[in-house]
Amino acid sequence: MNALVWILPITFAGAAACLLVGRRSAAAARWTALATAVAGFACALVAGVVFEPGPEAITLVDRAWIPEIGARLHLAVDGVGLTLVVLTGLAATAGVLFSWNIERRTGEFFSLYLALIGGVHGVFLSADALLLFVFYEIAIVPKYFLIAIWGSTNREHGALKLVLYSFAGSVLVLAGLLWAYAAGGANGFGLDELAAATREPGQAVAMFALVFTGFAVLAGMFPLHTWAPTGHVAAPTGASMLLAGVVMKLGAYGCLRVAMPLFPEGYSFFQDTIAVLALIGIVYAGLIALVQEDLKFVVGYSSVSHMGFVLLGLAAGNAQAISGAVLQMFSHGVVAGLLFAVAGRMVYDRVHTRELGALRTMGLHRRMPFVAGVFVIGGLASMGLPLFSGFPAELMILLGAWKTSPAWVLVAAGGIVVAGAFTLRAVQGAFFAQRGGAAPAGGEGDHALEPITWPEKVGAGMLIATTVLVGVQPGLLLRWIEPVVQSGWLRVITTGGAP
């Protein structure tokens, strides 16, 4: 696991290097960012090869940080964290490839991009709650500048809304953690130590409400989800891929890794409420996606709907559903990144519109057959069809949720039907509609469009290969995830507190 020790220094050093070399050469900044992302991804894969699955986390670094309050620089990894670190490495590499066309302030763009990635890696590797919170904040700050400077539609509004929501959630998380530290008699902020602290049931319920709600904001839980579609649409393509691919996973991971095991009494109290909100998110966001005319908004609301399945798996509270939820985090990170890459970089940057009404006049399946094929594959994966990663993930969530409440599954099944409807509408409207009428003002006529570049082909190929690989062999990740969920720090949830 020594390879993972280097992932944070490499990523933050790459961020600093991009800032320095970007002042002289945009190309040097691009290659530095790609080398950094690939190196981080390679570290994750090497760690995955030698990883021995087990219920407990493996410590990477454990040193004193703020001795006065017992905070430690404690980095550790288990199967759940490793799954999400691999996802982050993949999404980071693909995002750099789909940001290859960034020409303005290139070094600054990739510096902020890698700083965000470093923050995300830090969250997934932190075993100290205060350290996790610091990395959580590091991941939030670059998002504002990436959207506000390099974004497109309503970028300042989208950036401000996203960051305000994120900081509001952070305040709730910090308040809950400080309260747990002060009232629980813990001598430090270690996650295991906070989980073992004793507290009054009423306090645990209130602490859970603070921490879970704070993290759920970033997870896109209804009704706290409204930042997500706005932020996704405003962000540049690479940032959209990160927002949907890994940043939303920070919220879900925080709910799973911090709120649920630290405050099981609160989880039991709010379990049904979380399920209801998750189901509303699945169906409501799906219906909103069904009537959107902006292709990026369709993908943005579909992300909220799919994250509803993650939260439903967490609410079900058994090992099968929670394992499915973690697998769904990985699957959605890959598929959402692919769909945002098509909508933002491959389509919008070439035809200068994302409106389905305008795209219907362009016959894009003939003019960009590669892009149409990629979007169809992404759509099939998003619908959770067999052979794609979403299929085993959603199936495990539904089977696990059925054990808790069959009624939840019936409602979620309605959401799956809606997902099929908005996905097919987007595929047909954007690429396969019959041409008719004049091309829209500001759009492209019949002249040749910019060819698909090699970075775009490589990035799309990586994401497609991954969703198919995990769809065919989900055991590659489940062998890491299940030992943790079944007997690790979630045993207090999955066994109802039984030893």
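This passage walks through the confidence, the aromatic contacts and the main pocket of one predicted model.

Confidence comes first. The protein chain averages a pLDDT of 90, and 96% of the residues score at least 70. The score isn't even along the chain, though: helix α20 (residues 454–472) comes out highest, at a mean of 96, while α22 sits lowest, at 73. Where pLDDT is low, the predicted coordinates shouldn't be read in detail.

Next come the aromatic rings. With ring centres within 6.5 Å as the cut-off for a pair, the count comes to 19 aromatic pairs. One of them joins Tyr 136 and Phe 215, whose ring centres are 5.3 Å apart; their planes meet at 85 degrees, so this pair is edge-to-face, the cut-off for that label being over 60 degrees. The two partners come from distant parts of the chain, 79 residues apart: Tyr 136 belongs to helix α6 (residues 129–150) and Phe 215 to helix α9 (residues 201–219). Both Tyr 136 and Phe 215 are buried.

Tyr 181 and Phe 189 show another arrangement, a stacked one, with 10 degrees between the planes and 4.3 Å from centre to centre. Here, too, Tyr 181 and Phe 189 are both buried. Aromatic residues also gather in a bigger group than a pair: Phe 208, Phe 212, Tyr 267, Phe 269 and Phe 270 make up one aromatic cluster.

Some rings have a charge for company. Trp 227 has the charged end of Lys 143 sitting over its ring, 5.9 Å from the ring centre. In a second case, Arg 354 lies over the face of Tyr 348, and the distance to the ring centre is 4.6 Å.

That leaves the pocket. The largest one has a volume of about 530 Å³, and 29 residues line it. Nearest its centre lie Leu 191, Asp 192, Glu 193, Ala 195 and Ala 196. Which element gives the most to this lining? It's α8, with five residues. Several elements supply at least two lining residues each, namely β2 (71–77), α8 (191–196), α11 (237–262), α12 (264–290) and α22 (491–494). A bit of caution fits that last helix, as α22 is where confidence is lowest in the protein chain. Sorted by class, the lining of the largest pocket holds 14 nonpolar residues, nine charged ones and six polar ones.

How values were computed
Residues are numbered from 1 along each chain as its sequence is written. This is a predicted model: local features need pLDDT of at least 70, side-chain atom pairs count only at pLDDT 80 or more; totals for chains, interfaces and linings use all residues. Side-chain values use heavy atoms; hydrogens and water are left out. Rings of Phe, Tyr and Trp (its six-membered ring) pair if their centres lie within 6.5 Å; planes under 30 degrees apart count as stacked, over 60 as edge-to-face and the rest as tilted. Helices (H or I, at least four residues) and strands (E, at least two) are DSSP runs, numbered from the N terminus. Buried means under 20% relative accessible area, exposed over 50%, partly exposed in between (1.4 Å probe, protein chains only). A charge sits over a ring if NZ of Lys or CZ of Arg is within 6 Å of the ring centre and within 35 degrees of the ring normal. On a 1 Å grid over the protein atoms alone, a cavity is a set of points where a 1.4 Å probe fits but cannot get out, and a pocket is an open set with protein on both sides within 12 Å along at least five of seven lines; lining residues have an atom within 4 Å of a point. Grid points are joined across faces, edges and corners, and a volume is the space filled by probe spheres set on the points. Ala, Val, Leu, Ile, Met, Phe, Trp, Tyr, Cys and Pro count as nonpolar, Asp, Glu, Lys and Arg as charged, and the others, Gly among them, as polar. pLDDT is the predictor's confidence in each residue, from 0 to 100.
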